[in-house]
Amino acid sequence: MSDIQMLIDMGFPKEKAERALEVTNNKGVEQAMEWLLAHADEPLPPVESNAAGDSSSSTAGGTSENTTEEGGSAEADAAIAKSLKCDECGKLFKSQEEVEFHAAKTEHSSFSESTEEKKPLSEEEKKAQLVLLEEKMRRKRQEREENEKKEAMERERLRIKSGKDMLEARRRMEEQEMKKLMDQRKREKLESQQARDRVRVQIEADRAARKAKESGEMPAVSPTSTATVSSSPPEVKPTSTTTPTKPVEAKNYTTAKIAIRMIDGTQLVQTFQAGEQLAAVRLFVQLKMESVDASFGLMTNFPKKVFTEEEYEMPLDKLGLVPNAVLIVTKAQ
């Protein structure tokens, strides 16, 4: 707020306030206020104008007595009207500027000339008015500081709220990302479990089929062998001699009985199809282990051979593991 506006808010006329600031070289409101209180009863210097002088000089030197009497009566009237009075509150004013300021401030509209003279302020009244003005200035300063403090608090509140909103948005994003990650892991785990279940079911189905097939063949072989022995005892030797020729037919065996020696020393025996890949044996071992994700390898002892990743894709009969074989589980290197 400018100095001139502060002085006007205190009740000083605009012209006097401007004059006070001009006289005090714009050194502040307090010095201008002291000057106004010290010269409260003094009128402002009149505005230079030659209108009145030109009017008087334009009249002829030898006017009539009537003109002189009219001028004398006008001067007498001007001497009688010593102030302007507000008809609504009875307050006296010395100038038209004070009347206009009072009307703008109180919205009073009825004023008249008065023969009462506005008494100059005494020293006590000046001091009292100075105290009131200082108190008014102090209240305005306090109000301004309170408003500035409220504005600063509001800005801080908005800043904190904005920071909290950002943190909340970031937290929600992190929760969504975490949820997506957990859902993805659940899907992967479920898919892995389903794949293991399918392999397990397939292995069980193959095992059941092999058992059914073996159980169906054994009764058919036993009667023939017994019949052969009972019918021709002398021909047992030729039969035994023909038996060694059967390894040629062993290449066509459809099953492979694999003995598996685990890392902890235990041994497992399982029958596989001759056309199954070595990877089926590895999957069987993996399912028997405590940790499904454990890494290991397979090898033979006599002759010693460690199977490679390419050989895991080969069938058992091509690897020479039919009809019987011993495999050793080794730790991954």
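This briefing walks through the strands, helices, salt bridges and a few unusual backbone spots of the structure above. Please keep in mind that the model is predicted. A three-stranded open sheet sits within the first part of the tour, followed by the long run of helix α7, residues 123-231, and then by helix α10, residues 278-288. Across the whole structure there are 14 salt bridges, and several of them are picked out below.

**The sheet of β1, β2 and β3**

- Three strands make up an open sheet in the order β2-β1-β3, and their pairing is antiparallel. Because β2 and β3 each have a single partner strand, they stand at the edges, and one side of each is left without a neighbour in the sheet.
- Strand β1 (residues 83-86) runs antiparallel to strand β3 (residues 111-114), and four bridges join the two. If you want to find this pairing on screen, look for Leu-84 opposite Glu-113 and for Cys-86 opposite Phe-111.
- On the other side of the pairing list, β1 meets strand β2 (residues 92-93) through two bridges, again in the antiparallel sense. Here Lys-85 has Leu-92 as its bridge partner.
- The hairpin of β1 and β2 has five residues between the strands, and Gly-90 in this hairpin has a positive phi near 80°.

**The annotated span**

- UniProt, in an unreviewed entry, lists residues 84-113 as "domain: C2H2-type".
- In the model, the C-alpha atoms at the two ends of residues 84-113 lie 4 Å apart. Helix accounts for 37% of this span and strand for 27%.

**Backbone spots worth a look**

- Asn-26 has a positive phi, near 55°, although this residue is not a glycine. You will find Asn-26 in the loop between α2 (14-23) and α3 (29-38), and with a relative accessible area of 55% it is exposed.
- Glu-107 is another non-glycine residue with a positive phi, in this case near 65°. Glu-107 belongs to the loop between α6 (96-106) and β3, and it is exposed, at a relative accessible area of 70%.
- A cis peptide bond leads from Val-322 to Pro-323, with omega near 0°. Pro-323 is part of the loop between β7 (305-306) and β8 (324-331).

**Helix α7: salt bridges and a surface patch**

- Glu-135 and Arg-138 form a salt bridge through their side chains, at 2.3 Å from N to O. Both residues lie in α7, three residues apart, or about one turn of the helix.
- Glu-135 is partly exposed at 30% relative accessibility, and Arg-138 is partly exposed at 38%.
- Lys-161 and Asp-165 also form a salt bridge, and their closest N and O atoms are 3.3 Å apart. This pair lies in α7 too, with four residues' separation, about one turn of the helix.
- Lys-161 has a relative accessible area of 43% and counts as partly exposed, as does Asp-165 at 40%.
- How do such pairs come to face one another? An α-helix has 3.6 residues a turn, so residues three or four places apart point the same way.
- Met-178, Leu-181 and Met-182 form a nonpolar patch on the surface, and together they have about 280 Å² of accessible area. Of these, Met-178 lies in α7 and is partly exposed, at 47% relative accessibility.

**Helix α10 and its surroundings**

- Leu-278, Ala-280, Val-281, Phe-284 and Val-285 are buried in α10. These residues lie on the same side of α10, because they cover an arc of only 160° around the axis.
- Arg-282 makes a salt bridge with Glu-309, with the closest N and O atoms 3.6 Å apart. This pair links distant parts of the chain, as Arg-282 is in α10 and Glu-309 is in the loop between β7 and β8, 27 residues apart.
- Arg-282 is partly exposed at 22% relative accessibility, whereas Glu-309 is exposed at 52%.

**A contact from β6**

- Gly-297 is a residue of strand β6 (residues 296-300), and at 14% relative accessibility it is buried.
- The C-alpha atoms of Gly-297 and Lys-331 are separated by 6.2 Å, while the two residues are 34 residues apart along the chain.

Terms used: Residues numbered from 1 in each chain as written. Heavy atoms only, no water. Pairing = 2+ DSSP bridges. UniProt positions renumbered as here; feature names shortened; annotations may be inferred. Buried < 20%, exposed > 50% of the residue type's maximum accessible area, 1.4 Å probe, protein only. Patch = residues over 30% accessible without salt bridge, like charges linked within 9 Å, V, L, I, M, F, W, Y side chains within 5 Å. Areas by Shrake-Rupley, 256 points an atom, 1.4 Å probe, with all protein chains shown as cover. Salt bridge = Lys/Arg side-chain N within 4 Å of Asp/Glu carboxyl O. Arc of directions from axis to C-beta.
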